[in-house]
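Trainee: I've got a structure open and would like some practice reading it. Can we go through pockets and helix packing together?

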Amino acid sequence: MFETVQQLLRARMYDDTPAVACGEQTWTWREHLAEAAAEASVLVGLADSTRPLHVGALLGNSPAMLRSMAAAALGGYVLCGINTIRRGAGLLADIRRADCQLLLVDPDHRSLLSRLDLAGVTVLDVTSRRYLDAVAAAPPLVPHREVGPEDTLMMIFTSGTSGDPKAVRFAHVAAILCGASLIGQFDITASDVCYLSMPLFHSNGVAAGWAVAIGSGATMVPARFSPSRFLTDIRRHNVTYMNYVGKPLALVLATPERPDDTDNTLRVAFGNEATDRDIAEFARRFDCRVVDSFGSSEFAVIVTREDGTPSGSIGKGYPGVAVYHAETVTECAPAVFDANGTLANFDEAVGELVNTQGGGAFSGYYNDPTATNERMRHGMYWSGDLAYRDIDGWIYLAGRTADWLRVDGENLAAAPIERILERMAPVNQVAVYGVPTCWSGTP
């Protein structure tokens, strides 16, 4: 097995099988990686050697983004995936926090940079004639460095559901191992076609999509997720594998069902956070296998479903995964359910999902020691996810630590309430949140 993505992609540089398909255009691995090596040569040549060689990518899911990811691996520098939905001061803070000295942008996102103080950052429009000419005339690549397994391949920002987004360092070896795990689980080969519609600045898009494709030599189809265009894309490109995070399955299922929905090539959908109902219905409607898992953006807590996973559970955790009370730093009691399936010991059973063995692949947030220390307490990794676990080890999510609700003196969490509401047939998506009550003193 390769130890770095740099090694892996070098081994594919003379492969003439399809690597990227977008619209009417297709690139072989030889063509795709030749372009990536040329881009890396240009960026290494432009970089200030006295600063970290961090290249920001404010790009959509496109051949340009895939090229920039491969270029970083081949060039031995760090690509920083910039969240394209960030705006203003938040966007600038992300670029600054990641120490980007170069920033790749496309016309769809160039306007986001207007009026931002980007002093010290060289902005490069990847579609401009000047940039394209430089890449076309680039000398042979001399990598910035030969990387090791633990060296950072990408900076991937957290979603920011609890506080400002934080830059997670995603190592070369993490990409190799994530890809190999899913390739083996789903028998992915070079003849497969991977639909990459989840943002490639997000951990799911990188670890569950891109890493699978580069590891297997499969064809990559970059796309912006669209429920109405989903099945057309699958059929057009003969897609066999897709990854998702959050609500994509629910959004697709909200489109009108057609008698020929099963007439497609999709074999596997792998992702996180789908409901039991959506998993079953998506598998039925599109005649494919759906496997849902759970993992933090930091890759420190991993929970996987297996045969026999009860309804509502996300599965069982890897060794070291447990549920702890944050205040007492003690393991929570196993969940007890009454005859109706209701959690009967909420306060004793619900706590924070942790990795008692440490941070796993998590090596800390870049340029954010305070946030790193908050995650790594008492020698354990604290995910910020609320959960409970039954006597057999099955784990159930209960929301985020920011989702605690206090009602009439009782602690509640959002996720269990959402799961109950999702059982109602007309309901497609649910969000439960606390609303302060105003008490005037008059009944």
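Mentor: Sure. Keep in mind that this is a predicted model. Let's begin with the second largest pocket: its lining has ten nonpolar, eleven polar and four charged residues.

Trainee: How much space lies in that second largest pocket?

Mentor: About 810 Å³. The pocket is lined by 25 residues, and Thr84, Ile85, Pro199, Phe201 and Arg224 are the closest to its centre.

Trainee: On to helices. How do I describe two that pack?

Mentor: Two packed helices are described by the angle between their axes and the distance between the axes. Take α2 (residues 29-46) and α3 (residues 63-75): their angle is about 65°, and the axes are 8 Å apart. Angles of 65 to 115 degrees count as roughly perpendicular, so that is how α2 and α3 lie to each other.

Trainee: Is the crossing of α2 and α3 left-handed or right-handed?

Mentor: Right-handed. On the α2 side, the contact residues include Leu33, Ala36, Ala40 and Val44, while α3 brings Leu66, Ala70 and Leu74, among others. By class, that contact has nine nonpolar, three polar and three charged residues.

Trainee: And at what angle do α2 and α6 pack?

Mentor: About 105°, with axes 8 Å apart; α6 covers residues 129-136. This pair is therefore roughly perpendicular too. Glu35, Ala38, Glu39, Val42 and Leu43 of α2 meet Tyr131, Ala134 and Val135 of α6.

Trainee: How do the residues of that contact divide by class?

Mentor: Six are nonpolar, two are charged and none is polar.

Note on methods:
Residues numbered from 1 in each chain as written. Predicted model: local features only at pLDDT ≥ 70, side-chain atom pairs only at ≥ 80, totals over all residues. Heavy atoms only, no water. 1 Å grid on protein atoms, 1.4 Å probe; cavity = no way out; pocket = protein on both sides within 12 Å on 5 of 7 lines; lining within 4 Å. Points joined across faces, edges and corners; volume = space filled by probe spheres on them. Nonpolar A, V, L, I, M, F, W, Y, C, P; charged D, E, K, R; others polar. Axes fitted to C-alpha atoms, helices over the stretch in contact; angles between N-to-C directions. Helix = DSSP H or I, 4+ residues; strand = E, 2+ residues; numbered from the N terminus. Parallel < 35°, antiparallel > 145°, perpendicular 65-115°, else oblique. Left-handed = near helix turned anticlockwise from the far one by under 90°. Contact = heavy atoms within 4.5 Å.
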